[in-house]
Amino acid sequence: MAYETLIVDIENHVCLIKLNRPDALNALNLQLLGELSTVIKSANSNDKVRVIVITGSDKAFAAGADVKEMSEKSFVDVFVGDLFTDETEELLRCRKPIIAAVAGYALGGGCELAMMCDFIIAADNAKFGQPEINLGIVAGIGGTQRLTRFVGKSKAMDMHLTGRFMSAEEAERAGLVSRVVPVKKLMEETMSAAAKIAEKSMVTVMAVKESVNRSYETTLREGVLFERRLFHALFATEDQKEGMAAFMEKREAQFRDR
């Protein structure tokens, strides 16, 4: 299927999604978000896809939501239409790992899109920010919630109230991104990480994703219980038997997702 705002490629079990609105620094309009939702839903149900990667250009991952598209909307328009809800729910429902490869600007909705992914690999030229306050609005796709969980109240409040940008180095120190790499090596490093994940048991990968995400939704005691039950449950899989046998036999495991 051809998309107007995305470039999509599936190879070696990785679905690579490139945001493609270069004239607008990949600003997130409803068409792009709708197409992204369609691709994520398709990839989630495609047995050939084991990992999803979302990226932009060297200049911008996504420089925010499309202000021109939003500027004339009223409260009734956005409230009744529930702006951004349907367009982003597929990312949150996706059970397969999603990696954000971020270079350049990841601002507003772009920062929020990156934070909805399972982890972020940043180029050394990446800049993160939630500058919605400069537009007279608050973040609308989870920015006040996810950024606070990732970097803490003080730094999140600073960024949301002043609109300042965070460098890649600061983002790594604060825990927003998993690693920082040279911009020219961003996709090489990201695809290498995706390839490593793709080699694992998909059953186990999904369990890991569920368990880590649960840590943000419940108490420590309940989260540990959830983790332990998943740990116990995986002993019912063929992949657990294969993984442990391969370890003892000093060979690479051949997982079959069973």
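In which order do the strands of the open sheet of four lie, and with what pairing? In this predicted model, the order is E4-E6-E8-E9, and the pairing is mixed. Strands E4 (60-62) and E9 (165-167) form the edges of the sheet; each has a single partner strand, so one side of each lacks a neighbour there. From one strand to the next, the twist averages 20°. Further in, strand E6 (residues 105-107) runs parallel to strand E8 (residues 127-129), and three bridges join the two. One pair is easy to pick out in the viewer: Ala106 has Phe128 of E8 as its bridge partner. Helix H5 packs on this sheet, where it touches E4, E6 and E8. The direction of H5 makes about 90° with that of E6.

The helix that packs on the sheet also meets a second helix. Packed helices are generally described by the angle between their axes together with the distance between those axes. For H5 (residues 109-116) and H6 (residues 143-151), the axes come within 10 Å and cross at roughly 55°. An angle between 35 and 65 degrees falls in the oblique class, and H5 and H6 are therefore oblique to each other. The crossing of H5 past H6 is left-handed. On the H5 side, the contact is made by Glu112, Met115 and Met116, while H6 contributes Gly143, Arg146, Leu147 and Phe150. By character, the residues of this contact comprise four nonpolar, one polar and two charged.

A further set of pairings centres on strand E7. As a general point, strands of a sheet pair through backbone hydrogen bonds, in either a parallel or an antiparallel sense. Strand E7 (residues 119-123) pairs in the parallel sense with strand E5 (residues 98-102), over four bridges. Within this pairing, Phe119 of E7 stands opposite Ile99. E7 also pairs with strand E10 (residues 179-181), again in the parallel sense, here over three bridges. A useful landmark for this second pairing is Ala123, whose bridge partner in E10 is Val181.

How enclosed is strand E7 by the rest of the structure? Four of its five residues are buried, so E7 is largely enclosed. Buried here refers to a relative accessible area under 20%. Taken together, E7 has parallel pairings with E5 and with E10, whereas H5 packs on the sheet that contains E4, E6 and E8 and makes its oblique contact with H6.

Methods
Residues are numbered from 1 along each chain as its sequence is written. This is a predicted model: local features need pLDDT of at least 70, side-chain atom pairs count only at pLDDT 80 or more; totals for chains, interfaces and linings use all residues. Side-chain values use heavy atoms; hydrogens and water are left out. Buried means under 20% relative accessible area, exposed over 50%, partly exposed in between (1.4 Å probe, protein chains only). Two strands pair if DSSP finds at least two bridges between them. Axes are lines fitted to C-alpha atoms, for helices over the stretch in contact, and angles run from 0 to 180 degrees between N-to-C directions. Angles under 35 degrees count as roughly parallel, over 145 as roughly antiparallel, 65 to 115 as roughly perpendicular and the rest as oblique. A crossing is left-handed if the near helix is turned anticlockwise from the far one by less than a right angle, and right-handed if clockwise. Contact means heavy atoms within 4.5 Å. Ala, Val, Leu, Ile, Met, Phe, Trp, Tyr, Cys and Pro count as nonpolar, Asp, Glu, Lys and Arg as charged, and the others, Gly among them, as polar.
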